[in-house]
Amino acid sequence: MNKRVVILDYGSGNLRSAERAVARAGAEVTVTADYDAAMECDGLVVPGVGAFAACMAGLKGVHGDRIVGRRLAAGRPVLGICVGMQILFEKGVEHGVHTEGCGEWPGTVERLEAPVLPHMGWNTVTVPEGSVLFRGLDADTRFYFVHSYGVRHWELQAGPGFTQPLVTWGEHGVPFVAAVENGPLMATQFHPEKSGDAGAQLLANWLNTLP
């Protein structure tokens with residue numbers, strides 16, 4: 001039976017391309033803001049485009065921050081994409097405005113330092129050993145990015161009884177976090193739904209992690 005995936009609809013765009021891509025990867029997909037559906041599905045996708053503050057406001061408007069927190073507390077998978085990854089961090093800073101994020105990971109989303117912004121187009125990433133999301137993909141595989149902000153410093157440190165998440169890095173002017181694999185919580189700064197065959201493989205890899 002196909003895995004049931006909800007694309008969380010909280011007013012952020014890009015929902016239909018994400019829906020089509022996840023469906024092509026083999027899932028039964030619903031786009032909705034319904035609390036119960038988002039809680040009960042096998043996997044939840046949190047997309048996001050635009051400003052950090054606007055995405056957080058939309059997410060809170062449908063209790064998405066609570067949905068993400070409760071799913072993770074129960075070990076239920078969540079995948080964040082683009083700004084949907086950024087809002088999982090502690091805070092975002094845009095034009096001097098500080099906005100509180102979901103706080104699942106410590107860290108700040110801030111403007112990249114690069115000659116040209118936004119970072120738009122295809123780029124490679126540096127994947128850590130043991131990655132599940134990038135399984136079967138070559139080291140020179142390119143993914144599609146559209147962003148001017150990112151997490152430039154990974155702040156979560158390993159401790160006793162704690163396994164360090166797997167962090168994938170990209171570079172545009174400065175290094176930035178391109179993906180994270182942290183148990184049931186995974187996320188990508190790039191758009192797998194716009195990344196052709198590579199993105200399709202990554203989404204299929206994520207679906208294979210769903211219980």
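This briefing describes an open sheet, two buried residues and a pocket in the structure shown above. The model is a predicted one. Its open sheet is built from 7 strands with mixed pairing, and the largest pocket holds about 170 Å³ of space. Met186 and Thr99, which are taken up in turn below, are placed in strand S13 and strand S6 respectively.

**The open sheet**

- Read across the sheet, the strands follow the order S2-S1-S3-S4-S13-S12-S11, and the edges are formed by strand S2 (28-32) and strand S11 (166-172), each of which pairs on one side only.
- From one strand to the next, the twist of this sheet averages 25 degrees.
- Strand S1, made up of residues 4-8, runs parallel to S2 and is joined to S2 by 5 bridges.
- Within this pairing, Val5 stands opposite Val29 in S2, while Arg4 has Glu28 of S2 opposite.
- Between S1 and S2 the chain passes through helix H1, which covers residues 15-24, and the resulting β-α-β crossover is right-handed.

**Met186 in strand S13**

- Met186 lies in strand S13, which spans residues 185-188, and S13 stands between S4 and S12 in the strand order of the sheet.
- Met186 counts as buried because its relative accessible area is 7%, where the cut-off for buried is under 20%.
- Leaving aside neighbours within four places in sequence, Met186 is in contact with Val78, Leu79, Gly80, Leu133, Val180, Glu181, Trp206 and Thr209.
- Leu166 is 20 residues away from Met186 along the chain, and the C-alpha atoms of these two residues are separated by 9.5 Å.

**Thr99 in strand S6**

- Thr99 belongs to strand S6, whose residues are 97-100, and S6 does not appear in the strand order S2-S1-S3-S4-S13-S12-S11 of the open sheet.
- With a relative accessibility of 15%, Thr99 is also classed as buried, since the limit for that class is under 20%.
- When residues up to four places away in sequence are not counted, Thr99 touches Phe52, Ala53, Met56, Glu90, Lys91 and Gly92.

**The largest pocket**

- The space in the largest pocket comes to about 170 Å³, and the residues that line this pocket are Val49, Gly50, Cys82, Val83, Gln86, Glu94, Val146, His147, Ser148, Tyr149, His191 and Lys194.
- Two or more residues of this lining are given by helix H5 (83-86) and likewise by strand S9 (142-147).

Conventions
Residues numbered from 1 in each chain as written. Predicted model: local features only at pLDDT ≥ 70, side-chain atom pairs only at ≥ 80, totals over all residues. Heavy atoms only, no water. Pairing = 2+ DSSP bridges. Helix = DSSP H or I, 4+ residues; strand = E, 2+ residues; numbered from the N terminus. Axes fitted to C-alpha atoms, helices over the stretch in contact; angles between N-to-C directions. Right-handed = clockwise from strand over helix to strand, strands pointing away. Buried < 20%, exposed > 50% of the residue type's maximum accessible area, 1.4 Å probe, protein only. Contact = heavy atoms within 4.5 Å. 1 Å grid on protein atoms, 1.4 Å probe; cavity = no way out; pocket = protein on both sides within 12 Å on 5 of 7 lines; lining within 4 Å. Points joined across faces, edges and corners; volume = space filled by probe spheres on them.
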